[in-house]
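This report walks through a few local features of one protein chain, for a reader who is meeting the structure for the first time. Please keep the sequence and the structure in view while reading.

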Amino acid sequence: MNVERTALIAGAGLSAVAGIPTTRELPRQFLDLPPTGATPAPLQEAISGHLRQYWEVVFDYKADGPTPSFEDHFTVLDLAANTGHQLGSSYSPKQLRAIRRLSIHRVFDVLNTTFRPSDELSEFLSTLADGSGNGILTTNWDIAIERHLPPHSFHYSVAIEHLGGGVYDRQGVPLLKLHGSTNWAYCDCCSRLYAFDLNQGKGALDKHVFIDKDDFRALAPGVKVAHLSSKAKCYVCGIALSSRVATFSYAKVLNFVHFLSIWDDALTLLRSARHWLFVGYSLPEADFHLRHLLKTAQLGRAKPGEVKVTVVTYDDPQTIKRFKRFFGASVEVVENGGFKRWWLERGMAT
């Protein structure tokens, strides 16, 4: 099957094909995740305790009540912490930044617990990688797409280095991770961006890139700090690596130098593609930066109406309504029966 000039916009619903929880499912495990290979019991219990207390204080959360949305969870954190304000009398900006890092570590941990390979997803992504002028945009942090693409068939579009030095080849289909990735790490000194090998894909999680002892000291002064793994270090500067991701927040921070380059490449890809294929992406209101990018790319073409829009979702009429309100008659194909049904019955023929 020859596929050309197709831009895949992948959301959590595509990763769900590989067993990874969707955004709607994450809250079920957010406060009570069992110990994992990356996070032993004492550390996991400490993280759960701090996250639960944050929900109880900020959202009046009760164990048998509704959970706050992740958009609210991160937006409240970001708007206070990033402006240097307290959140009530309980949380200082330093403590809020600690809660934010614990939250990201916890989401990474959840994303890593249920992965399973999918033959259908491998076939689909291989077909896309074999074509010309194709590309992938995703807001997902997980590496399900990378794990299902053929080896050496993709690149991240920006200069990304091995932990031991050397830059990854930029060959194959571009995979534009608009909000960052679980296998990326960043040097705050020299601004190098690193990627763990896929067999170490959870390296940012295992090496506790997002958390350190100061987070626990800020939240519970005087309490003994749980064991933390030694962090990966920049091979040039020798300092511990950190990371950058854009959260579910309405106050996303996207002025990170590598994000700016990735988003610019995304605009170029979208403008040149004839077919926009949305799989498992719900076009949420919180992603207004991406919505603006999509509309800019659509209207910035010589013929704005020439782009074909296909939406593949699963039992989600509200998502279909959002797409039709946003794109109108450009939405030519809608599959509400999920990715597997679409791929087996119609696939790229649409």
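## Selected local features

Leaving aside neighbours within four places in sequence, S90 is in contact with V57 and Q95. The structure is a predicted model, and the description that follows should be read with this in mind. S90 itself lies in the loop between α4, residues 70-81, and α5, residues 93-111, and at a relative accessibility of 38% S90 counts as partly exposed. The C-alpha atom of S90 is separated by 9.0 Å from that of V58, although the two residues are 32 residues apart along the chain.

Two loop residues deserve attention for their backbone angles. Most residues other than glycine have a negative phi. D60, which is not a glycine, nevertheless has a positive phi of about 50°, and H152, also a residue other than glycine, has a positive phi near 60°. The table sets out where each of them is found and how accessible it is.

| Residue | Phi | Loop | Relative accessible area |
|---|---|---|---|
| D60 | about 50° | between α3 (41-59) and α4 | 55%, exposed |
| H152 | near 60° | between α7 and β3 (154-155) | 75%, exposed |

Helix α7, which spans residues 144-148, contains E146. Is E146 buried or exposed? With a relative accessible area of 1%, E146 is buried, because a residue counts as buried when that value is under 20%. The side chain of E146 is joined to the side chain of Y156 by a polar contact of 2.7 Å. Not counting residues up to four places away in sequence, E146 touches F154, Y156, L175, K177, S181, N183 and L198.

The last feature is a pair of helices. Two packed helices are described by the angle between their axes and the distance between the axes. For helix α10, residues 257-272, and helix α11, residues 288-299, the axes come within 9 Å and cross at roughly 40°, which means that α10 is oblique to α11. The crossing in which α10 passes α11 is right-handed. On the side of α10, the contact is made by W263, A266, L267, L270 and R271, while α11 contributes H289, L290, L293, L294, T296 and A297. Sorted by class, the residues in this contact of α10 with α11 are eight nonpolar, two polar and one charged.

Key. Residues are numbered from 1 along each chain as its sequence is written. This is a predicted model: local features need pLDDT of at least 70, side-chain atom pairs count only at pLDDT 80 or more; totals for chains, interfaces and linings use all residues. Side-chain values use heavy atoms; hydrogens and water are left out. Helices (H or I, at least four residues) and strands (E, at least two) are DSSP runs, numbered from the N terminus. Buried means under 20% relative accessible area, exposed over 50%, partly exposed in between (1.4 Å probe, protein chains only). A polar contact is a pair of N or O atoms within 3.5 Å; within protein, one must be able to donate a hydrogen and the other to accept it, and residues adjacent in sequence count only if both atoms are side-chain atoms. Contact means heavy atoms within 4.5 Å. Axes are lines fitted to C-alpha atoms, for helices over the stretch in contact, and angles run from 0 to 180 degrees between N-to-C directions. Angles under 35 degrees count as roughly parallel, over 145 as roughly antiparallel, 65 to 115 as roughly perpendicular and the rest as oblique. A crossing is left-handed if the near helix is turned anticlockwise from the far one by less than a right angle, and right-handed if clockwise. Ala, Val, Leu, Ile, Met, Phe, Trp, Tyr, Cys and Pro count as nonpolar, Asp, Glu, Lys and Arg as charged, and the others, Gly among them, as polar.
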